[in-house]
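Good morning, and thank you for making time for this presentation. Please take a moment with the sequence and the structure before I begin.

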Amino acid sequence: MKKQIYTIEIKSFVVEELNDAEKHLLERAQKASAMAFAPYSAFLVGCAVLLENGEILTGNNQENASFPAGLCAERVALAYANATYPDVSVQAVCIVAQLHGTFTAVPLSPCGICRQTLLECENRFGKPIRLYMAGKDTVLQVDSVKDILPLHFDNQYLLDTLTE
Ligand code: THU
């Protein structure tokens, strides 16, 4: 038996430590969260996507009375960004959530499906995405989505070469 140990680097900032561009990205995510459609959970999530061309596109969660039809903020924002600029890579993503009018104290960690979607976006453009997971006062940051999705599934499995 062999063991594999994964080590990931997670930077932790207090909001004041972020640079102006990072603060701006966070503010865009916060503003987007206020426009979420989340009548069932009351958990309002905002996501801001910074593209290589400097543009920031945002999204928020869109719930549905048929619960599984709902979409997370990350997937709404990424689909919007990729549909608008299919050839422009994603440089950074910031996510944040509020409950009962207050941003969560604990930084928002993306759900599994959104991690997978973020990973596809990273692979699609061949560039790592800097991910900011924000709480009210604390922001966690990783340099790549792969850091938070070890042993991931991706398109490599769909290549014949792997089964030979
Ligand atoms: N949600 C997101 O938008 N992103 C996440 O990463 C976690 C969960 C949404 C889905 C649902 O509308 C609400 O938060 C409660 O789960």
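A backbone N or O atom of Cys111 lies 3.1 Å from an oxygen atom of the ligand. Please note that this is a predicted model. Two glutamates also approach the ligand through polar side-chain atoms: for Glu63 the distance to a ligand oxygen atom is 2.5 Å, and for Glu74 it is 2.6 Å. Taken alone, the ligand exposes 370 Å², and the protein buries 76% of that area.

Which residues surround the ligand? Going along the chain, they are Ser41, Phe43, Val45, Asn61, Glu63, Cys72, Ala73, Glu74, Pro110 and Cys111. Glu74 belongs to helix H2, which spans residues 73-84, and Phe43 and Val45 to strand S2, which spans residues 43-51.

I turn now to the aromatic residues. How many aromatic pairs does the structure hold? There are two. Tyr40 and Phe67 form a tilted pair, with 5.5 Å from centre to centre and 45° between the planes. This pair links distant parts of the chain, since its members are 27 residues apart. Tyr40 sits in the loop between helix H1 (20-33) and strand S2, whereas Phe67 sits in the loop between strand S3 and helix H2. Strand S3 itself covers residues 56-60.

Are these two residues buried or exposed? Tyr40 has a relative accessibility of 44%, so it counts as partly exposed, because that class runs between 20% and 50%. Phe67 reaches 60% and therefore counts as exposed, the threshold being over 50%.

The other pair consists of Phe153 and Tyr157, whose ring centres are 5.2 Å apart. Their planes stand at 10°, so this pair is stacked, the limit for that class being under 30 degrees. Phe153 is partly exposed, with a relative accessible area of 45%.

Tyr40 and Phe67 appear once more, on the surface. Together with Phe37 they form a nonpolar patch there, and the three residues have about 360 Å² of accessible area together.

Next, I would draw attention to the backbone. Most residues other than glycine have a negative phi. Where does the model show a positive value in a residue other than glycine? One such residue is Ala42, with phi near 60°. Ala42 lies in the loop between H1 and S2, the loop that also holds Tyr40. With a relative accessible area of 32%, Ala42 is partly exposed.

Leu151 also has a positive phi, near 55°. Its place is in the segment after strand S7, which spans residues 138-142. Leu151 is exposed, at a relative accessible area of 71%.

My last residue is Gln98, in strand S4, which covers residues 90-99. Is Gln98 buried or exposed? Its relative accessibility is 10%, and because buried means under 20%, Gln98 counts as buried. The side chain of Gln98 is joined to that of Ser33 by a polar contact of 2.9 Å. Ser33 falls within helix H1, which spans residues 20-33, so that this contact can be followed from strand S4 to that helix.

To close, I return to the ligand. Its oxygen atoms are approached by side-chain atoms of Glu63 and Glu74, and by a backbone atom of Cys111. Thank you for your attention.

How values were computed: Residues are numbered from 1 along each chain as its sequence is written. This is a predicted model: local features need pLDDT of at least 70, side-chain atom pairs count only at pLDDT 80 or more; totals for chains, interfaces and linings use all residues. Side-chain values use heavy atoms; hydrogens and water are left out. Patches are made of residues with over 30% relative accessible area and no salt bridge: like charges are joined within 9 Å, nonpolar side chains (Val, Leu, Ile, Met, Phe, Trp, Tyr) within 5 Å. Accessible areas come from the Shrake-Rupley method with a 1.4 Å probe; for residues, only the protein chains shown count as cover. A salt bridge is a side-chain nitrogen of Lys or Arg within 4 Å of a carboxyl oxygen of Asp or Glu. Helices (H or I, at least four residues) and strands (E, at least two) are DSSP runs, numbered from the N terminus. Rings of Phe, Tyr and Trp (its six-membered ring) pair if their centres lie within 6.5 Å; planes under 30 degrees apart count as stacked, over 60 as edge-to-face and the rest as tilted. Buried means under 20% relative accessible area, exposed over 50%, partly exposed in between (1.4 Å probe, protein chains only). A residue is near a molecule or strand if one of its heavy atoms lies within 4 Å of it. A polar contact is a pair of N or O atoms within 3.5 Å; within protein, one must be able to donate a hydrogen and the other to accept it, and residues adjacent in sequence count only if both atoms are side-chain atoms.
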